[in-house]
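Thanks for coming, everyone. I'll put one model up and walk through it. Please have a look at it first.

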Amino acid sequence: MRIRNCFIAPLAGILFFAFCCYLAGCSGGSEPEQEEKDPRRPSFAPIIGVDFFEVRRSFDNGLAYDSIGFVQVPEWHIKFTREDALQIYVPGSDSSFNFQITHDHDSFFHFARESWKVVDLHRDSMMLQKLSLNGLKVDKIRSNVYMRFYSKDYLDQLGTPLTELREPYRRDTLFVRQMVARANRNLDNVDSSYSSINYPKLQSKSPILEIKRREYDSLEVTSKSAANEYLYPEYDIVIHKAYKDFYHTFSVLVGPDGKLRLGKFFVMPEFEQSRKRVLTGIINVYLQNLLEIEPATTLGMPHNSVVYLRVRGKAGKG
């Protein structure tokens with residue numbers, strides 16, 4: 001028995017020592033490890049509290065306009081409040097939204113429900129690239145929007161009004177002029193038309209015609225691009241005392257002179273010609289005569305553009 005106890009005691013000591021060493025090792029490993037910093041990750045610390053105003057937003061070709069009339073409008077005013085948070089001010093107001101910033105990898109970040117790459121970052125200026133993700137991968141073709149910001153102090157040094165800095169460049173004007181010329185050469189061709197943030201305005205000039213432009217609610221604007229409101233302007237029209245009851249949906253081309261031309265409509269092929277005659281008649285008899293029409297303009301140039309109509313006729317005595 002004594003021999004057995006003598007054997008167990010040293011063994012217990014050895015096991016206890018080993019256990020202590022294990023705990024010491026675990027304790028040392030449980031200390032918070034310094035996160036390995038990505039040398040490519042920019043720090044927002046130097047610009048915390050600095051007001052930045054967007055002065056230019058463009059595609060990767062340097063233009064603010066594309067071939068269908070979509071325009072990149074510089075309007076953001078942002079301020080980094082912490083290394084991991086920023087404020088984005090609502091254009092034209094004093095209200096703002098606060099967003100958390102999460103780092104992905106490299107110079108990629110997520111905030112304001114979008115993904116971004118920091119192209120360059122200085123206390124005077126900053127450029128962000130808006131990323132389009134396809135799953136976990138960056139869609140390089142669609143990630144083609146760049147936003148240039150200047151700090152308030154740098155803007156004060158420049159002495160140039162922010163509104164002037166935000167104006168389109170000469171190359172924007174030259175490009176738009178080409179698109180306008182193409183649209184106005186092909187007044188019957190929807191595919192050659194050019195959309196505009198200054199889309200065609202239609203107003204009734206007769207009590208027998210009611211017209212209302214469709215406005216997107218906040219949920220639709222959130223789920224779709226806000227640009228849809230001017231890229232695809234929609235109007236609901238009711239014509240009282242029409243020759244009969246009818247309801248048609250179709251598009252019309254609004255020429256630079258305010259003349260309306262039939263655009264596209266959907267019907268079975270065997271009814272295409274008859275429907276075309278009916279819609280052309282509605283345009284020429286009712287819409288052209290009962291509407292005050294203001295054509296689309298881009299950079300002051302009137303041009304052919306498309307609007308989408310839902311037209312209801314209600315029969316009645318004249």
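Start at Val 254. Its bridge partner in β20 is Ser 305. That pair belongs to a longer run: strand β15, residues 246-254, and strand β20, residues 305-315, pair in the antiparallel sense over 9 bridges. Keep in mind that this is a predicted model.

Now zoom out to the sheet around that pair. It is an open sheet of 5 strands, in the order β13-β14-β20-β15-β16, and the pairing is mixed. Which strands stand at the edges? They are β13 (209-213) and β16 (260-262). Each has a single partner strand, so one side of each is left without a neighbour in the sheet. From one strand to the next, the twist averages 30°.

A helix goes with this sheet. α7 lies across β13, β14, β15, β16 and β20. Against β15, α7 runs at about 70°. Helix α7 covers residues 272-290, which is 19 residues. From first C-alpha to last, α7 reaches 26 Å, close to the 27 Å expected at 1.5 Å a residue. Still, look along α7 and you will find a kink of about 35°, centred on Ile 283.

Which residues of α7 are buried? Leu 279, Ile 282, Ile 283, Tyr 286, Leu 287 and Leu 290. So Ile 283 is on two lists here, as the centre of the kink and as a buried residue. Why the spacing along the helix? An α-helix has 3.6 residues a turn, so residues three or four places apart point the same way. Keep that in mind when you look at the buried set, with Leu 279, Ile 282 and Tyr 286 among them.

One more stop in this sheet: Lys 241. Lys 241 sits in strand β14, residues 234-242. Its phi is near 60°, a positive value in a residue other than glycine. Most residues other than glycine have a negative phi. Buried or exposed? Lys 241 is in between: partly exposed, with a relative accessible area of 48%.

On to the other sheet I want to show. This one is an open sheet of 9 strands. The order is β4-β3-β2-β1-β11-β8-β7-β6-β5, with antiparallel pairing. The edges are β4 (96-100) and β5. Each of these has a single partner strand, so one side of each lacks a neighbour in the sheet.

Look inside, at β11, residues 145-151. Of its 7 residues, 5 are buried, so β11 is largely enclosed by the rest of the structure. What pairs with it? Strand β1, residues 51-59, pairs with β11 in the antiparallel sense over 7 bridges. In that pairing, Phe 52 stands opposite Ser 151. Strand β8, residues 125-131, also runs antiparallel to β11, and 6 bridges join them. Two examples help you find that register. Ser 125 has Tyr 150 as its bridge partner in β11. Leu 128 stands opposite Met 147.

Step just outside β11 and you reach Asn 144. Asn 144 lies in the loop between β10 (137-138) and β11. Why is Asn 144 counted as buried? Its relative accessible area is 18%, and the cut-off for buried is under 20%. What does Asn 144 touch? Leaving out residues up to four places away in sequence, the contacts are Ser 58, Phe 59, Asp 60 and Lys 130. Asp 60 is 84 residues away along the chain, yet the C-alpha atoms of Asn 144 and Asp 60 are separated by 5.1 Å.

Next, Asp 106, in the loop between β5 (102-103) and β6 (108-111). Phi of Asp 106 is near 50°, again a positive value in a residue other than glycine. At 18% relative accessibility, Asp 106 counts as buried.

Last, the whole chain. How many helices and strands? 7 helices and 20 strands. The chain has 318 residues, and buried residues make up 38% of them. Take the contacts with a separation of 6 or more: 64% of them are between residues 24 or more positions apart. The accessible surface comes to about 19,600 Å², of which 54% belongs to carbon and sulfur atoms.

That's my tour. Over to you.

Methods
Residues numbered from 1 in each chain as written. Predicted model: local features only at pLDDT ≥ 70, side-chain atom pairs only at ≥ 80, totals over all residues. Heavy atoms only, no water. Helix = DSSP H or I, 4+ residues; strand = E, 2+ residues; numbered from the N terminus. Buried < 20%, exposed > 50% of the residue type's maximum accessible area, 1.4 Å probe, protein only. Expected span 1.5 Å × (residues − 1). Bend = angle between axes of the 7 residues up to and from the residue. Pairing = 2+ DSSP bridges. Contact = heavy atoms within 4.5 Å. Areas by Shrake-Rupley, 256 points an atom, 1.4 Å probe, with all protein chains shown as cover. Axes fitted to C-alpha atoms, helices over the stretch in contact; angles between N-to-C directions.
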